[in-house]
Amino acid sequence: MKLSTHITALAAITTAMATGATVASAESTLEIVKERGHLRCQVGPPSPGYYNLDSDGNWYGLDVSVCQAVAAAIFGDQTKLEIQSVSSQARFTALANGESDLLSRTATWTMTRDTQLGIDFLATNFYDGQGFTVRKDSGITSAMELKGAKVCVTTGTTTELNLTDFSRQNNLNISNVTFEDYNVRDDTYLNGGCDATTGDKSSMAGNISAFPVPGDHIILPDTLSKEPLASAVRHGDNQWSDIVRWSVFALINAEELGVTQANVDDMRANSKDPNVLRMLGAEGNLNEGLGLESDWAYNIIKAVGNYGEIYEKYMGDGELGIGIPREGSLNALWTNGGLMYSPPMR
Amino acid sequence: MAIIKAEKTPDRSAPLFETSVIGWLHKNLFSSVFNTLLTILMLYIVYLTVSGVFVWGFADATFVAENRRECYDNSLTGACWAGVIHWLDNIFYGRYPRDQIWRINYGALLLVLWMAPLWMSRVKGKVLVGATVVVFYPFIAGYLFSGGDKGFFMQLMIASSIVAFAINMANMIAGLTKSLGLNAFIIQMLGQTNAPDKTQRNILLLLTALAFGAAYLWQMGWTVEGVSWTKWGGLFLTLVISGIGIASSLPGGIILALGRRSKLTVIRVLCVSFIEVFRSVPLITVLFMATTMFPLFMPEGFVLNKLVQVIIAVILFNACYMAETVRAGLQAIPRGQYEGAHTIGLGYWKTMGLVIMPQALKHMIPNIVGSFIGLLKDTTLVSIIGLFDILGMLRSISKDVPWIGLHKEPLIFGAILFFILCFSMSKYSRHLEVKLSAGKQH
């Protein structure tokens, strides 16, 4: 999402070289985390839907739930967690230098990042994509009709580059109006300073919900870029990668199997489905490879619910949700035509 | 016909033109057609601005609402202060546990009480009062704010702080009631005024030791729940960082400035390069270096408290600016002052401490306070590296789902808060200048 600057890359590469050699020989991340007694999970400066502070100073959001899930898997207690908020410029460095155990924030999984920064992306928990918002009364229904339009965009991100590429490819002659802060971008758009705004569809949905009259604006169906947002860990500790990856998969699998926060006790005791029993640790030994207790997945679901519940709460129509429809989107379960798919847990 | 009268003619009153309001208006606002036009234009602009701000910020504004949608339902054009009001705890105390907020309030109250004697002219020993604030207050406040287990050293320092605070308060009462220092007051009470100096000193030392023992036993029973620094935030964090920065950058700056003027080459070169390096790098770079690059040089798994790194960076950075301010003040002192001090047999430290610095510091007050105000405002940069200081908190309001997009009102509120803080610092510096130069005149 954010443009990975040269400085970030350089710093992260230096780190990777400096620490790469020592990671293998040192204690495993799981041991370090257990010894410390809490998980250090990195998010970014507040971003609606993913990680926010409420007025009592608590964190909430989709990515925060992933942090809580991993903490619950390890300790059986989602509160044994320290959320760190790190700026985009320092995010990969802070992971690589050991300050954070886990990065769970809106970081797009790209090949460069995965292969050159000394970090590993694990499991996508949200598929985002860049789109356009326009006023309904403008009559525009497709991005191709934006010929010669003025488009408001935040600067210094891949969003801006994607917009320029899109304009050139389709010969649209779009002029960019750039802003540092998306609140100012939206104010300008609302006051008629530009014909459309562009950004990640998820965050635009959140922003539109805060417009004086949300019904007057629509997000166009076109998608300019692929933005798979995934959690990441340091390169080189496979056990730790497995823990984080399968914690996310457990959320998705639970939804598929119909296990919810409310019925998880009942399911563990009474379910006849061997898949459910295996996942919740009532049968088999799935936990052994991870080095966790047998009820790790049970603890996750008990603490934060399954993926569908989390989505509903923070991304969907829940009280704290930003109202992005899930039906028919990439974030629906694979059985509903989306991309949310967990390998079998057996 | 006598032109000269024996008695003085009574004074005529000043012409109406000079004293009445209308006269003043006529002279200052409507003296010519052009000025009249300008006045009317300006009044119109003032009216537009003030009425616009009033309607937006007060008449049409919403003060009570559960979320931003309710604000819009109430008025589409007015401000939505309800969001700011909901977030007040976050803005002032950050993520500090809500049931522990009294600790921050008590800490602030303690500081105010501790420093109160500095404003009271009858109280003696102000230099000592100032010194105890800098030396002891940080320990007791540090424990109050962060809590947890106390080490032996911490227990000693807390007990000392209690004693220092108690002596300070007793001294204030003695000063206010009898205009005496506490030591003189105690000796008088015990009827030992004529006892030899040594006896008097021993009595005072004994009393202090007893007080220390009592304070040590008393504080052993105290425990407050540990609060991680990651939960510190809001105005509280801003004041902690800038307070420590202010308290330590001046001594640091004095040392660096003296080092820069030193005759010893090694010290001079070290000081010059230190000052020049830090002054030629922007603060944000220093902060990034301190928080992201510094851990790379440390052994793996070693994570230094980010807050401490930030505070150290702020202190070093500001000490360098302060050093140049102090050096400017030192250069304003004529050579004769140094020579005079030498002729009466003062060494380097006494020359500096008794003759040069008191004069130099007085000249530097406006610049020093200017740096302090700058420091207070600069600390908001820490929000960029992920600490939730007051700016970080204000910006987070627009991301909280019930208040999503609410960004103008919080920033305006922050601007007002900063204005109050900076303006009072500036007023205090004017007061100091007047007070100190009044001392020079008689």
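Begin by selecting strand β7 of chain A, residues 130-135, which is mostly covered, since five of its six residues are buried; buried here means that 20 or more other C-beta atoms lie within 10 Å of the residue's own, exposed means 12 or fewer, and partly exposed is in between, with C-beta atoms placed from the backbone. Strands (E, at least two residues) and helices (H or I, at least four residues) are DSSP runs numbered from the N terminus. The model is a predicted one, in which local features need pLDDT of at least 70 and side-chain atom pairs count only at pLDDT 80 or more, while totals for chains, interfaces and linings use all residues. Residues are numbered from 1 along each chain as its sequence is written, and chains are lettered from A and ligands numbered from 1 in the order in which they are written.

**The sheet around β7(A)**

Keep β7(A) selected and add β10(A), with which β7(A) pairs in the antiparallel sense over five bridges; two strands count as paired if DSSP finds at least two bridges between them. Within this pair, A:G131 stands opposite A:G199 in β10(A). Now add β11(A), which runs antiparallel to β7(A) and is joined to β7(A) by three bridges, and look for A:R135, whose bridge partner in β11(A) is A:H217.

Which strands complete the sheet, and in what order do they lie? The order is β9-β8-β10-β7-β11 in chain A, five strands that form an open sheet with mixed pairing. Its edge strands, each pairing on one side only, are β9 (175-179) and β11 (217-219) of chain A. Direction ignored, neighbouring strands of this sheet are turned by 30 degrees against each other on average.

**Helices on the sheet**

Select helix α6 of chain A, residues 158-169, which packs on the sheet and touches β7, β8 (150-154), β9 and β10 (196-200) of chain A. The direction of α6(A) makes about 155 degrees with that of β8(A); axes are lines fitted to C-alpha atoms, for helices over the stretch in contact, and angles run from 0 to 180 degrees between N-to-C directions. Then select α8(A), which lies across β7, β10 and β11 of chain A and runs at about 125 degrees to β10(A).

**The loop after α6(A)**

Move next to the loop between α6 and β9 of chain A, where A:N171 has its place. A:N171 has a positive phi of about 55 degrees although it is not a glycine, and it counts as exposed, with 7 C-beta neighbours inside 10 Å. A:N173 lies in the loop between α6 and β9 as well, and has a positive phi of about 60 degrees, again without being a glycine. A:N173 is exposed, having 11 other C-beta atoms within 10 Å.

**The nonpolar cores**

Where should one look for the largest nonpolar core? Select A:C67, A:V70 and A:I300, the residues with the most contacts inside this core of 140 residues; a nonpolar core is a set of buried Ala, Val, Leu, Ile, Met, Phe, Trp, Tyr and Cys residues joined through C-beta atoms within 7 Å. Helix α15 of chain B, residues 306-331, gives the most to this core, with 13 residues. Centre the view on A:V70, which, leaving aside its neighbours within four places in sequence, is in contact (C-beta atoms, placed from the backbone, within 7 Å) with A:L39, A:L102, A:I243, A:V244 and A:S247. A second, separate core has 16 residues, among them A:F132, A:V134, A:C152 and A:V153.

**Where the chains meet**

Show both chains, and colour the 37 residues of chain A that are in contact with 28 residues of chain B. The largest share of the side of chain A that touches chain B, six residues, comes from α1(A). The residues on that side of chain A divide into 14 nonpolar, 18 polar and five charged, where Ala, Val, Leu, Ile, Met, Phe, Trp, Tyr, Cys and Pro count as nonpolar, Asp, Glu, Lys and Arg as charged, and the others, Gly among them, as polar.

**Chain B as a whole**

Finish with chain B alone, whose secondary structure comes to 19 helices and zero strands. Along its principal axes, the C-alpha trace of chain B spans about 90 × 80 × 55 Å, and buried residues make up 29% of its 442 residues.

Notes. Contact = placed C-beta atoms within 7 Å.
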